[in-house]
Amino acid sequence: MCEICRRIEKIRKGENPYFVKELETGYVVIGDSQHFYGYTLFLCKRCVCELFELDDAFRQKHLMEMTTVAHAVYNAFSPRKMNYECLGNGDSHIHWHLFPRNDGDTEKPGPVWWLEPDKMWNKSNIPTHTQLEEMKSKLVSELEKLL
């Protein structure tokens, strides 16, 4: 079982505190680390590596839902710009990184991955229980409006 499948299994068991909402093709979760306030992931329900491995109808629905999730993140956290990434070099199971971006969130303008890992994944960026619940509430509210 891959790491994304393990996270999904925890969602299904009610053991993932970062879980926000289940959609038809995936699960919305708040990112474990919040250097980029509102960082959210959309985890595909199907364990495949590439978008072209999904049948046309599921892929179209998944991309529409991912876009809706990004719109909800934008509305909930008011960034200047959204970054969308589906990389899969570490965890090949399709999952989207949705990064709300703001001026000054990196030392120089560029992709989030230019940020030093120690800064991006610093323990100080882990939301408290209260912060996490507030973020989830904002995001689920915006998702409900858009769905």
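Two aromatic rings of Phe, Tyr or Trp (taken by its six-membered ring) form a pair if their centres lie within 6.5 Å; planes under 30 degrees apart count as stacked, over 60 as edge-to-face, and the rest as tilted. The model is predicted: local features need pLDDT of at least 70, side-chain atom pairs count only at pLDDT 80 or more, and totals for chains, interfaces and linings use all residues. Residues are numbered from 1 along each chain as its sequence is written, and side-chain values use heavy atoms, with hydrogens and water left out.

**Exercise 1. Find the aromatic cluster, then work through one ring pair.**

Step 1. Start with the cluster. Phe36, Tyr39, Phe99, Trp113 and Trp121 form one aromatic cluster.

Step 2. Count the pairs. The rule gives six aromatic pairs.

Step 3. Take Tyr37 and Phe77. Their ring centres are 5.0 Å apart and their planes stand at 85°, so this pair is edge-to-face.

Step 4. Place both residues. Tyr37 is in the loop between β2 (26-30) and β3 (40-44), and Phe77 is in helix α2 (residues 56-77), so the pair ties together parts 40 residues apart in sequence. Helices (H or I, at least four residues) and strands (E, at least two) are DSSP runs, numbered from the N terminus.

Step 5. Check exposure. Buried means under 20% relative accessible area, exposed means over 50%, and partly exposed is in between (1.4 Å probe, protein chains only). Tyr37 is partly exposed, at 39%. Phe77 is buried, at 8%.

**Exercise 2. Find charges that sit over rings.**

Step 1. Apply the test. NZ of Lys or CZ of Arg must be within 6 Å of the ring centre and within 35 degrees of the ring normal.

Step 2. Look at Phe58. The charged end of Arg46 sits over its ring, 3.7 Å from the centre.

Step 3. Look at Trp114. Lys108 lies over the face of this residue, 5.2 Å from the ring centre.

**Exercise 3. Count the salt bridges and place three of them.**

Step 1. Count. A salt bridge needs a side-chain nitrogen of Lys or Arg within 4 Å of a carboxyl oxygen of Asp or Glu. This rule gives 13 salt bridges.

Step 2. Begin in helix α1 (residues 3-12). Arg7 and Glu3 form a salt bridge at 3.5 Å, N to O. They are four residues apart in that helix, so about one helical turn separates them. Arg7 is partly exposed, at 31% relative accessible area. Glu3 is partly exposed too, at 30%.

Step 3. Go to a long-range bridge. Glu144 and Lys21 meet at 2.9 Å, N to O. Glu144 is in helix α4 (residues 129-146) and Lys21 is in strand β1 (residues 19-22), so the bridge ties together parts 123 residues apart in sequence. Glu144 is partly exposed, at 47% relative accessibility.

Step 4. Add a buried bridge. In the pair Arg101 and Asp105, the closest N and O atoms are 2.9 Å apart. Arg101 is buried at 7% relative accessibility, and Asp105 is buried at 14%.

Step 5. Look for shared partners. Salt bridges join Glu3, Arg6, Arg7 and Asp32 into one network.

**Exercise 4. Describe the whole chain.**

Step 1. List the elements. The chain has four helices and five strands. From the N terminus, the order is α-β-β-β-α-β-β-α-α.

Step 2. Test compactness. The radius of gyration is taken over C-alpha atoms, and the globule rule is 2.2 Å times the number of residues to the power 0.38. The chain's radius of gyration is 15 Å, close to the 15 Å that the rule gives for 147 residues, so the chain is as compact as a globular protein of that length.

Step 3. Give the extent. Along its principal axes, the C-alpha trace spans about 40 × 30 × 25 Å.

Step 4. Give the buried share. Of the 147 residues, 44% count as buried.

**Exercise 5. Compare the surroundings of Trp96 and Asn102.**

Step 1. Define contact. It means heavy atoms within 4.5 Å.

Step 2. Place Trp96. This residue lies in strand β5 and is buried, at 9% relative accessibility. Beyond neighbours within four places in sequence, its contacts include Thr40, Phe42 and His62. Trp96 and Thr40 are 56 residues apart in sequence and 8.2 Å apart in space, C-alpha to C-alpha.

Step 3. Place Asn102. This residue is in the loop between β5 (95-101) and α3 (117-120). Asn102 is partly exposed, at 32% relative accessibility. Leaving aside neighbours within four places in sequence, Asn102 contacts Ser78, Pro79 and Arg80.
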